[in-house]
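The following note is offered to a colleague who is meeting this structure for the first time. Its points are numbered and may be read alongside the sequence and the model.

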Amino acid sequence: AYTWKHPLEIPPPSEKDWLKDEEEDFFLQDPDRKCDALPQPFRMVNKLVMLVFENAMEIIERREMLRDAQKLKVQPTKCFPTAEFQVSGRANCLAVSGEYVFVGLSVGLAAFKVSDCTEVCAWDAVKTEICTIHASDLGNERHVLLAVDEMGLVWLFCFHKESFLLVKILNETEDISKRSTCVEVVLSPGGDYAGVLLQVQGHSTKPWLEIYRLPKDSWLKEMEKNPGASSGLSCRERRSSSTSAAQDSSKADVFLLQESPLSANKCDAKLSVPVLLLKVRPPKPITGSSFKSPLDALKKVDDGSMLGLGYNHLIKESQWELQEAIFRSTYRKYLEAEGERESKEEIPRYATFHFLLPSRILQVGPEMKVQPGVPAGISVHWNGNHNLCLYLLECPLKEKVDSDPKPDIVWPCAAPIACSAVSSCSRYLAVACEDATITIWDKQLGYPLSVTAILEERLIRTICFL
């Protein structure tokens, strides 16, 4: 028998008995895995596979989170086309007026009905490509169209009883070298007026704005007197031949444009031509005064000239030059740091114009007849200019149309006007300047509603009402 001389003691743990880092979770591991340790390079392959698996799981979890967040958002309604218009050639533009859709093609115009998407009329008398269309419903199944072709010519049409009636080419000239091209065209709501911004290509002539009154009431009377005037026009509907339909019976019928020997300058329906009301040119640069005394300037004002344009002043040309020299000498280092670029090329001067209804700002005299919903004036501003000019559309008989008319109202702004917009009700006018300020005017009340300043170093290109 063995006997203990001393009491039993537990020996203190030593460092070799400490658990290693990889052995702390030994109770969670498979006991058979301890015996099945992989040798190199299989362990490296195993680690790479596990890393790819973990990354894949993270990507899956992230996508599931995004999918759950997307389900919580309001999903937009998806709209699919219910019908299509079959046209020959290439469709460049379209406009909707009443129950018709007018499409500008590479070889003329075409009109479709909105109800069944069928072509009712086509015009291709001169095989010209239409790039822009503006249309307005005149009532009594009449529509007015302004179309601009690839050469910059403005074609005025009256659409009546499913026929295109060519009224006039607004900027047609006999001398091709003096032909003007259309830069922009605007049709007033209701089709009472049309504005065309023209410019002669390749010449130093500045662009100008022409405003026309459309005699839509006269057109109705003339059409009633001569209902068969449009019978000879190229407005026919022709379906595809039976052979082509047999080759492709699955497709819908294609409407082709019928050729016509009629010239574009000849029209069977003789309708009244539009009346040129205004011919507005860009403002002249302000130069030194030619007045010798303030009395001469006041006499000029008595003639009906406008002070708002800044022409009637008493600053001499030498004073302008002295002020420019003082400015350059004072801020020379700033001008050199910014790398001032002086170019003799003139910036293109284009205009932005809107048709305006009568209001307190644009008051109409008692001798002028005003109809509800019919524009009474226009607002015009040119690129790089500070002034917003308002013109009345009813010109006095003493003024010639070809002369440069003076604005009836001038709104000077602190900075050059960049863009402008008019609300659909024509009551509010928004003016954005190059200093990133936007002013909203209430034309009915005659005062500004708000002035908003955008962040610095921002240039406003376009503004619109929602």
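1. Helix α2 and its negative patch. The model under review is predicted. Helix α2 covers residues 42-72, and E61 has its place there. E61 belongs to a surface patch of negative charge, in which E54, E58, E61, E64 and D68 gather. The relative accessibility of E61 is 47%, so this residue counts as partly exposed, since the partly exposed class lies between 20% and 50%.

2. The positive patch. Charge of the opposite sign should be considered next. R62, R63, R67 and K71 form a positive patch on the surface. R67 is found in helix α2, the helix that also holds E61. With a relative accessible area of 47%, R67 is partly exposed.

3. Strand β14 and its burial. How many of the six residues of strand β14 are buried? Six of the six residues in this strand, residues 377-382, are buried, so β14 is largely enclosed by the rest of the structure. The cover extends to both faces: G377, S379 and H381 are buried on one side, and I378, V380 and W382 are buried on the other.

4. The partners of strand β14. Strand β13 (residues 351-356) runs antiparallel to β14, and six bridges join the two. Within this pairing, A351 stands opposite W382 of β14. Strand β15 (residues 387-392) also pairs with β14 in the antiparallel sense, over four bridges. Here S379 is set opposite L390 of β15. W382 and S379 have already appeared among the buried residues of β14, on opposite sides of the strand.

5. The turn between β14 and β15. These two strands form a hairpin with four residues between them, and G384 takes a positive phi near 80° in this hairpin. The reader may wish to locate G384 in the model when following the chain from β14 to β15.

6. The hairpin of β7 and β8. A further antiparallel pairing involves β7 and β8, which are joined over five bridges. F159 has F164 in β8 as its bridge partner. The hairpin has three residues between the strands, and K161 takes a positive phi near 50° in it. Five of the six residues of β8 are buried, which leaves the strand mostly covered.

7. Salt bridges, and the pair E129 and R90. Side chains of opposite charge can pair when their charged atoms come close. The count for this model comes to six salt bridges. One of them joins E129 to R90, with the closest N and O atoms 2.4 Å apart. This pair links distant parts of the chain, 39 residues apart: E129 lies in the loop between β4 (119-123) and β5 (130-139), and R90 lies in the loop between α2 and β1 (91-97). E129 is buried, at a relative accessible area of 17%, whereas R90 is partly exposed, at 45% relative accessibility.

8. The pair E162 and K113. The side chains of these two residues meet in a salt bridge with an N to O distance of 3.7 Å. Distant parts of the chain are linked here too, 49 residues apart: E162 is in the loop between β7 (154-160) and β8 (164-169), and K113 is in strand β3 (residues 108-113). E162 is partly exposed, with a relative accessible area of 31%. K113 also counts as partly exposed, at 25% relative accessibility.

9. The pair D442 and R427. A salt bridge of 3.0 Å, N to O, brings together the side chains of D442 and R427. D442 lies in strand β19 (residues 437-442) and R427 in the loop between β17 (417-422) and β18 (428-433), so the pair ties together parts that are 15 residues apart in sequence. Why is D442 classed as buried? Its relative accessible area is 2%, and buried means under 20%. R427, in contrast, counts as partly exposed, at 31% relative accessibility.

10. V96 in strand β1. The last point concerns a single residue of strand β1, namely V96. V96 has a relative accessible area of 54% and is therefore exposed, the cut-off for that class being over 50%. The C-alpha atoms of V96 and F112 are separated by 9.6 Å, while the two residues are 16 residues apart along the chain.

Conventions. Residues numbered from 1 in each chain as written. Predicted model: local features only at pLDDT ≥ 70, side-chain atom pairs only at ≥ 80, totals over all residues. Heavy atoms only, no water. Patch = residues over 30% accessible without salt bridge, like charges linked within 9 Å, V, L, I, M, F, W, Y side chains within 5 Å. Areas by Shrake-Rupley, 256 points an atom, 1.4 Å probe, with all protein chains shown as cover. Salt bridge = Lys/Arg side-chain N within 4 Å of Asp/Glu carboxyl O. Lys, Arg positive; Asp, Glu negative; His and termini not counted. Charge placed at Lys NZ, Arg CZ, Asp CG, Glu CD. Buried < 20%, exposed > 50% of the residue type's maximum accessible area, 1.4 Å probe, protein only. Pairing = 2+ DSSP bridges.
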